[in-house]
Amino acid sequence: MAAAEGSGVGGAAKPLFAGLSDVSISEDIPVEGEITVPVGSQSPDEDYSTLDEPVRDTIMRDLKAVGKKFVHVMYPKKSSALLRDWDLWGPLVLCVSLALMLQDGSADSKDDGGPQFAEVFVIIWFGAVVITLNSKLLGGTISFFQSLCVLGYCVLPLTVAMLVCRLVLLAGSGTVSFIVRLIVVIAMFGWSTLASTAFLADSQPPNRKALVVYPIFLFYFVISWMILTFTPQ
């Protein structure tokens, strides 16, 4: 009674929790939370993980991805294919292949070819790293490994040029052979340069593209010179 009288000073007495009895929960209001686990609500693709797939499928998927990047390089155009799904497997294969084909050169008959393999390997990777750092310092918008991926994959035309030159040298090393190799190397040098700039052009500031293209030109020129001056033992 005291509590009721205290609460009713200056007016009629009201219950302590007046109005709560009038509150009702509509069936249209969604209730958060779920105490049951739905069975079969997720599609198989959502639960798919590469950890569960066979090794053969993983290898085949990676090989197809590398092959698609090779196709993009052989038909260069402005595209983000090499930038979106970058990898270094293709550049590594191209670098090793080119170094193996160049290691039998006769620049010095006393050498066994080992240092030349290391020389080619270091020139390609060190040159790609320097060009990437130069691009980043000039305000490039691509990541470090994306640039290495593009520069490495664009060595493919020069690797093809090296293979053609070795086949031409099997027929002889005269003037005609040199002219044929010169034409092939120049064509593939231009192909590599154009392909790399086509992929990297949009990632550079418009007023600094020349400063990015020039080191790329020198990078592929050095590799082209090594291929052109190659003579087998």
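User: Is Gln-146 buried or exposed?
Analyst: Quick heads-up: this is a predicted model, where local features need pLDDT of at least 70, side-chain atom pairs count only at pLDDT 80 or more, and totals for chains, interfaces and linings use all residues. Residues are numbered from 1 along each chain as its sequence is written, and side-chain values use heavy atoms, with hydrogens and water left out. Buried means under 20% relative accessible area, exposed over 50%, and partly exposed in between (1.4 Å probe, protein chains only). Gln-146 has 16% relative accessibility, so Gln-146 counts as buried.

User: Which helix holds Gln-146?
Analyst: Helices here are DSSP runs (H or I, at least four residues), numbered from the N terminus. By that numbering, Gln-146 sits in helix 6.

User: Which helix gives the most to the largest nonpolar core?
Analyst: A nonpolar core is a set of buried Ala, Val, Leu, Ile, Met, Phe, Trp, Tyr and Cys residues joined through side-chain atoms within 4.5 Å. The largest one here has 44 residues, and Leu-98, Tyr-220 and Ile-227 have the most contacts inside it. Several helices each supply at least two residues, including helix 2 (55–74) and helix 8 (175–200). The top contributor, with eight residues, is helix 9.

User: What does Phe-217 count as, going by its relative accessibility?
Analyst: Phe-217 is in helix 9. Phe-217 also belongs to a nonpolar patch on the surface, along with Tyr-214, Leu-218, Phe-221, Val-222 and Trp-225. Because its relative accessibility is 36%, Phe-217 counts as partly exposed.

Methods: Patch = residues over 30% accessible without salt bridge, like charges linked within 9 Å, V, L, I, M, F, W, Y side chains within 5 Å. Areas by Shrake-Rupley, 256 points an atom, 1.4 Å probe, with all protein chains shown as cover. Salt bridge = Lys/Arg side-chain N within 4 Å of Asp/Glu carboxyl O.
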